[in-house]
Amino acid sequence: MTRVLTIEDSAANMKLVVVLLESQGYEVLQATDAEEGIRLAREQHPDLILMDVQLPGMDGLTATRLLKGDIATRDIRIVALTAFAMRGDHERISAAGCDGYIAKPIRYKEFLKVVAAELEMGKPMPRG
Ligand code: MN
C-alpha cells in the first residue's frame, strides 16, 4: 500500500489532506510537528512526505534539509505545502531539497494530481 506522511500543524488542513489522500486509497501517517515527522519518516520510510513549511518550532524547510541529508531518508520525495506564494519562495523551497510544491489553500484536483505525479516519480527504476 502507498503510504504518505503528512506533517501539518493545522488541524483543519490535516483533516482535509487526510480525507483527500484516503479517498485515493493511500495510507496516511500524521505528524503535527517536524520532530515527530522526522521520527516517523525514519521509522516508517513512507513513499512520500507532504511537508507544511510553517510549523511550530522547527520549520518545514529545516526538517526537509535534515531528511535530505540523512542517508536513511534522503530518497523519500518531499512536497512542500505553503501559504506563501511570494517571489523567491519556490527557489527557497527547492534549495531546501523539496521535490515539489503545493500552494495553500489546497485545490483538490491540483493537490491529488501533484501527489500522484510525485509518487510516480518516486517509484524505483525498473532493473535490467
Ligand atoms: Mn502550518
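This section describes the strands, a helix, the metal site and some local backbone features of a predicted model.

The central strands are taken up first. Strand β3 covers residues 48–52. Five of the five residues of β3 are buried, so this strand is largely enclosed by the rest of the structure. Its side chains point in two directions. L48, L50 and D52 point one way from β3, while I49 and M51 point the other way. Residues of both sets are buried.

Strand β3 has two pairing partners described here. On one hand, β1 and β3 pair in the parallel sense, over four bridges. Within this pairing, V4 has L48 of β3 as its bridge partner. On the other hand, β3 pairs with β4, also in the parallel sense, over five bridges. Here L48 stands opposite R77 of β4. The link between β3 and β4 runs through helix α3, residues 60–68, and the resulting β-α-β crossover is right-handed. A further bridge in this pair joins L50 to V79 of β4.

Strand β4 spans residues 77–82. Six of the six residues of β4 are buried, so it too is largely enclosed by the rest of the structure. Both of its faces are covered. R77, V79 and L81 lie on one side. I78, A80 and T82 lie on the other. Strand β4 also pairs with β5, in the parallel sense, over four bridges. V79 takes part in this pairing as well, with G100 of β5 as its bridge partner.

Helix α5 was examined next. The helix runs over residues 108–121. At 1.5 Å a residue, its 14 residues should span 20 Å, and its end C-alpha atoms are 20 Å apart, which agrees. Seen down the axis of α5, the buried residues fall within an arc of 160°, so they line one face of the helix. These buried residues are F111, L112, V114, V115, E118 and L119. An α-helix has 3.6 residues a turn, so residues three or four places apart point the same way. What covers the buried residues of α5 includes α1, β3, β4 and β5. The face turned away from this buried side carries the exposed residues K109 and K113.

The metal site involves strand β3 again. A manganese ion has D9 (OD), D52 (OD) and Q54 (O) as its protein donors. These donors lie 2.0 to 2.2 Å from the ion. Along the chain they follow the spacing D-x42-D-x1-Q. D9 lies in the loop between β1 (3–7) and α1 (11–23), and D52 lies in strand β3, so the pair ties together parts that are 43 residues apart in sequence. The two aspartates differ in exposure. D9 is partly exposed, with a relative accessible area of 37%. D52 counts as buried, at 4% relative accessibility.

Two features of the backbone stand out from the general pattern. Most residues other than glycine have a negative phi, and most peptide bonds are trans. H45 has a positive phi, near 40°, and is a residue other than glycine. H45 is placed in the loop between α2 (34–44) and β3. Its relative accessibility is 34%, so H45 counts as partly exposed. The second feature is a cis peptide bond between K104 and P105, with omega about 0°. P105 is found in the loop between β5 and α5.

The segment after α5 contains P124. P124 is exposed, with a relative accessible area of 73%. P124 and L20 are 104 residues apart in sequence. In space, their C-alpha atoms are 25 Å apart.

Technical notes
Residues numbered from 1 in each chain as written. Predicted model: local features only at pLDDT ≥ 70, side-chain atom pairs only at ≥ 80, totals over all residues. Heavy atoms only, no water. Buried < 20%, exposed > 50% of the residue type's maximum accessible area, 1.4 Å probe, protein only. Donors = N, O, S within 2.8 Å, 3.2 Å for Na, K, Ca; no water. Expected span 1.5 Å × (residues − 1). Arc of directions from axis to C-beta. Contact = heavy atoms within 4.5 Å. Pairing = 2+ DSSP bridges. Right-handed = clockwise from strand over helix to strand, strands pointing away.
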